[in-house]
Structures are given as structure tokens and as C-alpha cells.
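Let's take a walk through this one together, from single side chains out to the contact between chains. Keep the viewer open as you read.

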Amino acid sequence: MIRSVVPACHRFILLAFFFCSALSAHSQQALFSREIKFAQYLQDKELFREARYVTNRIDTTQLDRTQKDTLFYFSGWAAYNSKQLDTAVGKLLRVSPRFSLYNKSRFFAAYCLTYLARQPEAQQVLQGQQLGDSTEIEMRAFQLAGMALLRRDYNTFEQYQRGFTYGSYVLEKEEKNMAAYYKGLRSYKSKSPFLAGVYSAVLPGAGKFYAGKKRQGIAAFLPVISLAAVTYEAYRKGGVRSARFIGFGSLFSVFYIGNIWGSVLSVKVKEKEFYRAYDNKILFDLHIPLRNLYN
Amino acid sequence: MTCIFLCATCTIRAQSSALRQADSLFRQGAYFEASVGYERVLFEDNNPETALHAITQKIQCLKQQGLFTQAVNFIRTNLHENLPDSTGYRLYYEQTLCTYLAGNYENALSVVEQAKLLYPTRSEEPRLKLLQLLSLNELQRWEEAGHVYNAFVGRYGVADTALSPYKHLPHLKSKDKAQWLSTFIPGAGQIYAGKPLEALVTIGMQGAGIWFGIVSFQQHYYLAAWLAGAGLFGSFHMGGVRRSEVLVEQYNRKKITQFNEQVKSAVLKMMAERQ
């Protein structure tokens with residue numbers, strides 16, 4: 001009698017245990033699903049900060065791989081939309097290859113890294129991707145080509161440019177733009193700061209004119225030349241020891257040397273401005289096809 | 001049946017607990033967290049009363065965080081025709097208030113005007129009129145503001161419009177006048193703008209330029225007289241003219257703010273006393 005009762009009791013406990021486990025797993029699943037739906041709802045309303053807050057509060061210890069992937073993708077996407085690119089990279093790169101939005105996550109993580117000027121990492125992310133779709137393969141070539149342009153690595157750009165078809169509806173316009181940027185950057189002749197300094201030493205303001213800052217050149221020429229004239233007059237009428245000559249001569253020296261130094265710097269400033277303008281255009285054009293393809 | 005009953009009970013409990021939690025966060029002053037909580041209620045709850053409470057509270061959260069433009073957008077998305085008139089008006093008033101607080105005074109006025117069509121019986125309510133008055137003040141449309149003010153105080157039985165602050169509008173100064181004065185009399189623009197010390201500094205600097213020019217000329221330093229003396233004088237003179245305009249702008253802004261604050265506090269006091 002006792003023997004037959006014990007196994008029955010065990011069976012009941014075992015059954016109850018399985019039932020509770022199943023119930024707990026189900027409620028965990030339901031809770032996670034509800035939170036993700038809520039985060040999606042917030043994202044749809046463009047409440048990205050709020051969506052991040054919701055996803056950040058989800059406990060990841062009990063989640064299975066798919067749930068974790070979903071969570072990382074959602075958190076990363078919300079961070080990307082609220083311009084928290086560092087966080088976005090961290091989350092998007094944790095999405096596993098089995099997840100349906102893996103490629104999207106990698107591409108956007110790589111873009112964020114490029115934007116953050118962490119190009120070696122971005123390259124690594126893209127190059128490690130296994131892609132099957134021809135548009136995605138072309139997209140990778142396009143992104144890597146853009147990164148090469150940002151590094152001013154024109155040979156690498158040419159290599160990746162061979163992968164441009166100029167026929168894909170997602171990439172056609174931006175590929176043409178990228179080719180134009182390549183030409184623009186290639187044709188840029190960098191100027192010599194030394195020459196700019198020499199020009200300004202000979203003719204005040206000429207160095208800035210040479211650097212491409214014409215207005216600044218004229219603005220620098222007038223005070224230096226006026227001070228030179230006044231100093232010369234003071235020298236001619238009062239001599240080297242006159243207070244006028246010493247005063248105006250000192251002022252002239254400061255302005256003259258300052259102008260030479262300014263001309264040297266203006267070459268670098270102009271070059272930075274030129275490259276920054278191109279960098280902004282490249283980054284913009286790298287972004288557009290990604291949004292077109294994955295939205 | 002048991003399962004359905006249990007599920008329904010749990011869901012209702014979860015929903016009301018979400019609302020309770022959001023309310024508690026709001027009371028603690030955690031407005032961002034509370035606003036997420038109210039969004040959750042809106043997401044999960046279909047009960048119109050609960051939803052309305054959540055909407056109203058979320059507006060308060062946004063206001064507390066100073067996110068007035070976001071509050072306006074949020075109200076717009078939740079303000080629909082199916083709402084009962086009183087509820088709709090409540091949200092409409094919040095929309096007007098947030099538009100005013102966001103500094104979009106023209107928009108605030110147009111929202112007040114629309115109230116005449118949308119809520120004809122309530123469009124003359126003091127709170128809306130107050131926002132109209134304050135917006136007109138901010139836009140310096142004082143003549144219209146004066147009419148609104150008279151109608152407003154009339155409702156409170158204050159018929160003596162002689163006491164109206166609009167009888168003594170702030171005397172604003174002209175930028176053009178300051179510019180002309182400074183052009184012909186150095187420092188006069190600054191004095192006109194109410195800054196005599198700055199006028200003295202300007203006169204001193206321009207005088208130094210002229211003095212240096214004259215002395216240099218007398219000593220036959222003609223280049224120095226023109227390039228240094230006249231150059232210094234010209235630079236300080238142009239700077240003085242521009243500065244006088246800036247000073248007049250600052251003066252006017254100060255007067256306008258003072259006047260608007262005076263009207264605002266008077267009207268609010270009146271409303272508080274009569275309620």
C-alpha cells in the first residue's frame with residue numbers, strides 16, 4: 001500500500017514542478033513580449049529616450065538567445081535614434097548571427113563606428129559579415145568605399161568602387177555622389193604653409209589670399225600696411241629713438257609677425273574646412289542607402 | 001473559464017498597478033519615469049477614464065520637465081473629436097498653455113481664436129483670455145491687449161479702466177534715434193539709452209583718437225594723423241553707434257518684461273481674489 005502511494009506522490013510533485021516551470025517560463029515569455037511591444041510602441045511614437053529606458057530595465061538573466069537578440073536590437077536601435085551612438089554600437093554588435101535583423105544591426109553598428117571616427121572597428125564589423133544578398137554585398141562595398149574616402153585611401157576606394165553597379169535603386173544616386181567626391185578629393189591640391197608664410201612676409205595678407213581666405217587677406221593687409229607707413233614716418237621724422245617710432249614699430253612688428261603666423265595657420269584651417277565639408281557629405285551619403293534598404 | 005477569469009483579473013490588476021506606480025513616481029518628482037509609466041497605461045489600458053487620467057498626468061510630467069513643445073505635440077495626438085466636450089476643452093486649454101509656455105505666442109493666439117469655433121460656450125473663459133492677454137503682451141500688441149484686459153477686468157466687476165496698466169504703456173526708445181544721435185554726437189546714443197558711464201567711455205576713446213590725430217597733424221606727422229588718429233576715431237565711432245543700438249534694444253527688452261510681469265501679476269492676483 002505504502003509502496004504504491006510513494007511513487008504516486010513523487011509523480012504528483014514532479015508533475016507540479018513541471019507545471020510551475022512551464023508556467024514561469026510562459027509568464028517570463030509573456031512579460032518580455034509585452035515589454036518589447038511597449039518599447040516598439042514608444043519607438044513608433046518617436047519616444048526614443050523612453051524606449052531606451054524601458055529596454056534597459058529588462059532583466060537579461062532569464063532570457064533565451066532569441067529574446068536577448070531582440071532586446072539588443074531594440075536597445076541599439078533606440079540608442080541610434082536618440083543619437084547615443086556609443087551605446088548603439090555596444091548593443092547592436094551583441095546581436096547574434098541567428099537573428100533575422102543581424103545584417104541590419106551590423107551595418108548600422110558599422111555606420112555608427114564610422115561616424116564616431118572608429119573606422120578600423122567599422123571595417124572589421126563589415127568585413128566579418130557573411131552576406132548572401134547581392135544588394136547587401138554591394139552595400140558593404142559602398143560602405144567600405146566611403147570609409148576609404150574618409151581615410152583618403154584612394155587606392156582602396158578604387159578597389160571597392162569596382163563593386164558599384166550604379167543600377168541598384170537603393171544605392172545608385174549615392175554611388176554617383178561618392179564617385180564625384182572621390183574626384184573632388186583627388187583633385188585637391190594641398191597648399192604649403194611655408195609658402196603662405198613667405199608670401200605674407202613679402203606682402204602682408206598675401207599668404208591668406210594664397211590659402212584661399214581672400215577677405216581675411218585684405219583685412220590683414222590694411223592694418224599692417226598702415227602701421228608700416230606710420231612707423232616709417234615716425235622713423236623718418238623722429239629717428240630710431242623717438243617714442244613714436246618705438247611705439248608704432250613695436251605694434252607693426254606684432255601685427256607683421258602675427259600675420260605671417262596667421263597665414264601659416266590659415267592654410268591648415270582651410271584644408272581642414274575642405275576635408276570636413278567632404279567628410280560631412282560622405283557620412284550623409286553613407287547613411288541614406290542604409291535607411292532606404294532597411295526601413 | 002477559471003483561466004479566463006484569472007487572466008482577466010491579473011490583467012486588470014496589472015493595469016491599475018501601472019497607473020498606481022506612475023502616480024507614485026509623479027508624487028516623488030520622478031517626472032520622466034512617471035511619463036513612461038503613463039505611456040504604459042495608455043498602451044495597455046482601454047478604459048477611457050484611466051486613459052484620460054494618464055494623458056492629463058503625462059502632460060503635467062512634460063510641463064514639469066519644461067518640455068512644452070513635446071507637450072503640445074502629445075496633446076495634439078490625443079485630442080480627438082470623440083472626447084466629451086469638457087474633457088476636450090481641458091486638453092485644449094493645456095495645449096494653449098503649453099504653446100504659450102513654449103514661447104510660440106502667435107500660435108497661442110491662433111489656438112485661442114480656434115476655441116471660439118471648437119468650444120463656443122467656453123471660449124470666453126478667464127484662463128483662455130489670460131493666455132490671450134499674455135501672448136499679446138509678449139508680441140507687444142498692446143492696443144489689442146488693452147481691449148482684452150478691459151473685457152477681462154469687466155468680468156470681475158472692476159469697471160475702472162482708468163487704473164488699467166495699458167494707460168501707462170512702457171515708453172520704448174528708438175534704435176534709429178540712438179543711431180543718429182551717436183553718429184553726430186559721440187556718446188549721445190548711450191546717454192539716450194540710459195547708460196551715461198558707457199557714454200563717458202565712448203567719448204573718452206573717440207576723443208583720444210581725435211586728440212592723437214590733431215597733435216600728430218600739428219607736429220607734421222600727417223600719416224600718423226590720418227591712419228592712427230582718424231583710424232582710431234573712426235573705429236571707435238562706428239563701434240559706439242552699433243553699441244548704442246544694442247543698448248536701446250536691451251533697454252526696451254527690460255521695459256517690456258517689466259510691464260508684462262506687472263500685468264501678469266495684477267491679473268493673476270485679481271483671479272485669485274475673485275475665486
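Does Arg122(B) count as buried, partly exposed or exposed, and what is its relative accessibility? At 25% relative accessibility, Arg122(B) counts as partly exposed, because the buried class stops under 20% and the exposed class starts over 50%. Bear in mind that you're looking at a predicted model.

Arg122(B) has a partner: its side chain meets that of Glu125(B) in a salt bridge, at 3.8 Å from N to O. Glu125(B) is partly exposed too, with a relative accessible area of 24%.

Stay in chain B and look for Arg141(B), which makes a salt bridge with Glu106(B), the closest N and O atoms being 3.4 Å apart. Arg141(B) sits in the loop between helix 7 (126-138) and helix 8 (142-155) of chain B, while Glu106(B) belongs to helix 6 (residues 105-118) of chain B, so this bridge ties together parts that are 35 residues apart in sequence. As for exposure, Arg141(B) comes out as partly exposed at 29% relative accessibility, and Glu106(B) is partly exposed at 46%.

Before leaving chain B, have a look at Phe26(B), which you'll find in helix 1 (residues 2-28) of that chain. With a relative accessible area of 18%, Phe26(B) is buried; the cut-off is under 20%, so the label applies. What does Phe26(B) touch, once its neighbours within four places in sequence are left aside? The list is Tyr31(B), Ala34(B), Tyr38(B), Gln57(B), Gln60(B) and Cys61(B). Take Gln60(B) from that set: it is 34 residues away from Phe26(B) along the chain, with 9.0 Å between the two C-alpha atoms.

Now for the contact between the chains. Interface size is often given as the accessible area lost when the parts come together. Here chain A and chain B bury about 2000 Å² between them, and 62% of that is on carbon and sulfur atoms. The contact draws 21 residues from chain A and 23 residues from chain B.

There's a polar side to the interface as well. Ten residue pairs are in polar contact between chain A and chain B, counting pairs with both residues at pLDDT 80 or more. On the side of chain A that touches chain B, the elements giving two or more residues are helix 1, helix 2 (48-56), helix 12 (214-238) and helix 13 (243-294) of chain A. Which of the elements gives the most? That's helix 12 of chain A, with seven residues.

Side chains of opposite charge can pair when their charged atoms come close. Three salt bridges turn up across the interface of chain A and chain B, out of a count of 24 over all chains. One to zoom in on joins Glu44(B) and Arg34(A), at 3.2 Å from N to O. This pair crosses between chains, running from helix 2 (residues 31-44) of chain B to helix 1 (residues 2-44) of chain A. Glu44(B) is buried, with a relative accessible area of 16%, whereas Arg34(A) counts as partly exposed at 34%. The two also belong to a network of salt bridges that links Arg34(A), Glu35(A), Arg40(B) and Glu44(B).

Finally, the rings. A search of the whole structure gives 36 aromatic pairs over all chains. In chain A, start with Trp77(A) and Phe108(A): the ring centres are 4.9 Å apart and the planes lie at 90°, so this pair is edge-to-face. Trp77(A) is in helix 3 (residues 65-81) of chain A and Phe108(A) in helix 5 (residues 102-115) of chain A, making a link between distant parts of the chain, 31 residues apart. Both Trp77(A) and Phe108(A) are buried.

Compare Phe142(A) and Phe164(A), with centres 5.8 Å apart and planes at 50°, so the pair is tilted. Phe142(A) is in helix 7 (residues 134-150) of chain A, and Phe164(A) is in the loop between helix 8 (154-161) and helix 9 (172-186) of chain A, so the pair ties together parts 22 residues apart in sequence. Phe142(A) and Phe164(A) are both buried.

Back at Trp77(A) and Phe108(A), zoom out a little: they are members of one aromatic cluster that also includes Tyr73(A), Phe74(A), Tyr80(A), Phe99(A), Phe107(A) and Tyr294(A). Rings also meet charges in chain A: the charged end of Lys191(A) sits over the ring of Tyr210(A), 5.5 Å from its centre, and Lys281(A) lies over the face of Tyr278(A), at 4.7 Å from the ring centre.

Technical notes: Residues numbered from 1 in each chain as written. Chains lettered and ligands numbered in written order. Predicted model: local features only at pLDDT ≥ 70, side-chain atom pairs only at ≥ 80, totals over all residues. Heavy atoms only, no water. Phe/Tyr/Trp six-rings, centres within 6.5 Å; stacked < 30°, edge-to-face > 60°. Helix = DSSP H or I, 4+ residues; strand = E, 2+ residues; numbered from the N terminus. Buried < 20%, exposed > 50% of the residue type's maximum accessible area, 1.4 Å probe, protein only. Lys NZ or Arg CZ within 6 Å of the ring centre and 35° of its normal. Salt bridge = Lys/Arg side-chain N within 4 Å of Asp/Glu carboxyl O. Contact = heavy atoms within 4.5 Å. Buried area = accessible area lost by both parts, 1.4 Å probe. Polar contact = N/O pair within 3.5 Å; in protein donor to acceptor, adjacent residues only side chain to side chain.
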